[in-house]
Amino acid sequence: MPVLENSKTKARARNLRVVFPEAGEDARIDEAAVRLQAEGLAMPVALREPDAAQLAALLATRPMKEALARRMLQKPLIRAAAMVAAGQADVMVAGAVSPTRRVIEAASIAIGMADGVKVPSSFFLMVFPDGRELVFADCAVNVAPDAATLADIARASAASGAALLGQARVAMLSFSSGTSGSGASVDRVRAAAELAGVVGPVQADAALNATIAAAKGVEGGDANVLIFPSLDAGNIAYKLAQELAGAQAVGPFLQGFAKPVCDLSRGASVEDIMAATLVTAAL
């Protein structure tokens, strides 16, 4: 079943509570929330006033003075993230009004990272005209990741890929496959692949084509999760796939947090907000 349809099925079964901290600030958010509830896909919950449960969750994730934590909970994004951390909501969806860095900051402070992941990242779900669906990461957050950060991106993307695609076959991309090339960028990708336990370094064609992988003597050929060595590479790749191959790019989605967080594009339509919420709820 295609990911978007599967996400809708999962969402309807789970009926997760979604907090939209920008509700009331943007008509698109308000309409998406109404439609999600009307269609039985999610249960929007109102942003609560700061309470003891949120305070305890915030202090557990990020130890600080209680007075500072109380001040931080006055910020809607941090309060929404604290609601998720406290179990008062299952998913936070924001970004229609707020910049990505603020959404990431709130989630990092109040929710924290998943086990084994230290750095938040993002991915696009790429849906191609022939029906293929792949995860592209990181295309929106980390500009020049070092080996440890690339490994974090790979781990988080593997979890995202498994949740959405059923199985994650991760390839760490480079201009070189196996031991055929050298240089700082190849060495960084090789180190990251070893840290994350995934295929790499591998060229894009070998990652996707088993015949080419065999000819080059490397693992790969059936990857459905592609990890790019830099934001330059990832961002260029997903836009080329859109323009030249007619792929649909759904996202970007944040990943690596202990609980689901969605960062919307500020140009998102009501339909985009609904789709992003459903995919995030499926993670």
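# Worked exercises on a predicted model

Leaving aside neighbours within four places in sequence, Glu133 makes contact with Pro2, Val3, Leu125, Met126, Val127, Leu165 and Asn224. The model is predicted, and the exercises below should be read with that in mind.

## Exercise 1. The setting of Glu133

Task: state which element holds Glu133, and decide whether this residue is buried or exposed.

Solution. Begin with the secondary structure, where Glu133 is found in strand 5, a run that covers residues 133–137. Next take the relative accessibility of Glu133, which is 18%; buried means under 20%, so Glu133 counts as buried. Then return to the contacts, which include Pro2 and Val3 as well as Leu165 and Asn224. Finally, compare sequence with space for one pair: Glu133 and Gly161 are 28 residues apart in sequence, and their C-alpha atoms are 9.9 Å apart.

## Exercise 2. Leu4 and Ala23

Task: for Leu4, find which residues it contacts beyond four places in sequence, and then work through Ala23 in the same order.

Solution. Leu4 lies in helix 1 and has a relative accessible area of 26%, which makes it partly exposed. Its contacts, once neighbours within four places are left aside, are Leu125, Gln248, Val250 and Val279. Leu125 is also among the contacts of Glu133. For a distance check, the C-alpha atoms of Leu4 and Ala168 are separated by 17 Å, with their positions 164 residues apart along the chain.

Ala23, by comparison, is found in the loop between strand 1 and helix 2, the latter being residues 27–38. Its relative accessibility is 44%, and Ala23 therefore counts as partly exposed. Not counting residues up to four places away in sequence, Ala23 touches Ile29 and Asp30. The C-alpha atoms of Ala23 and Ala96 are separated by 9.8 Å, although the two residues are 73 positions apart along the chain.

## Exercise 3. Two helices and what covers them

Task: determine how many residues of helix 5 are buried, and which elements cover the buried residues of helix 6.

Solution. Helix 5 is mostly covered, since eight of its 11 residues are buried. The buried residues are Leu77, Ile78, Arg79, Ala80, Ala81, Ala82, Met83 and Val84, a list in which Arg79 appears beside residues such as Leu77 and Met83. Their cover includes strand 1, strand 2, helix 3, helix 4, strand 3 and helix 6.

Helix 6, residues 100–110, has Val103, Ile104, Ala106, Ala107, Ser108, Ile109 and Ala110 as its buried residues. Among the elements that cover them are helix 3, helix 4, helix 5, strand 3, strand 9 and strand 10. To complete the step, look just past each helix: Gly87 follows helix 5 with a positive phi near 85°, and Gly112 follows helix 6, also with a positive phi near 85°.

## Exercise 4. Backbone geometry

Task: identify which residues are joined by cis peptide bonds, and which residue has a positive phi although it is not a glycine.

Solution. Start from the general expectation, which is that most residues other than glycine have a negative phi and that most peptide bonds are trans. One cis peptide bond joins Gly200 and Pro201, with omega about -5°, and Pro201 has its place in strand 7, residues 199–202. Another joins Gly251 and Pro252, with omega about 5°, and Pro252 is found in strand 9, residues 248–255. As for phi, Asn15 has a positive value of about 50° without being a glycine. Asn15 lies in the loop between helix 1 and strand 1, and its relative accessible area of 33% makes it partly exposed.

## Exercise 5. The chain as a whole

Task: work out why the radius of gyration of the chain agrees with that of a compact globule, and describe which span UniProt marks as a domain.

Solution. A compact globule of 283 residues would have a radius of gyration near 19 Å, and the chain has 19 Å, so the two agree. The C-alpha trace spans about 60 × 40 × 30 Å along its principal axes. Of the 283 residues, 49% count as buried, and residues 24 or more positions apart supply 72% of the contacts with a separation of 6 or more. The chain contains 12 helices and 10 strands.

Turning to the record, an unreviewed UniProt entry places the feature "domain: Phosphate acetyl/butaryl transferase" at residues 53–281. In the model this span is 48% helix and 17% strand, and its end C-alpha atoms lie 22 Å apart.

Notes:
Residues are numbered from 1 along each chain as its sequence is written. This is a predicted model: local features need pLDDT of at least 70, side-chain atom pairs count only at pLDDT 80 or more; totals for chains, interfaces and linings use all residues. Side-chain values use heavy atoms; hydrogens and water are left out. Helices (H or I, at least four residues) and strands (E, at least two) are DSSP runs, numbered from the N terminus. The radius of gyration is taken over C-alpha atoms; the globule rule is 2.2 Å times the number of residues to the power 0.38. Buried means under 20% relative accessible area, exposed over 50%, partly exposed in between (1.4 Å probe, protein chains only). Contact means heavy atoms within 4.5 Å. UniProt positions are given in the numbering used here, feature names are shortened, and annotations may be inferred rather than shown by experiment.
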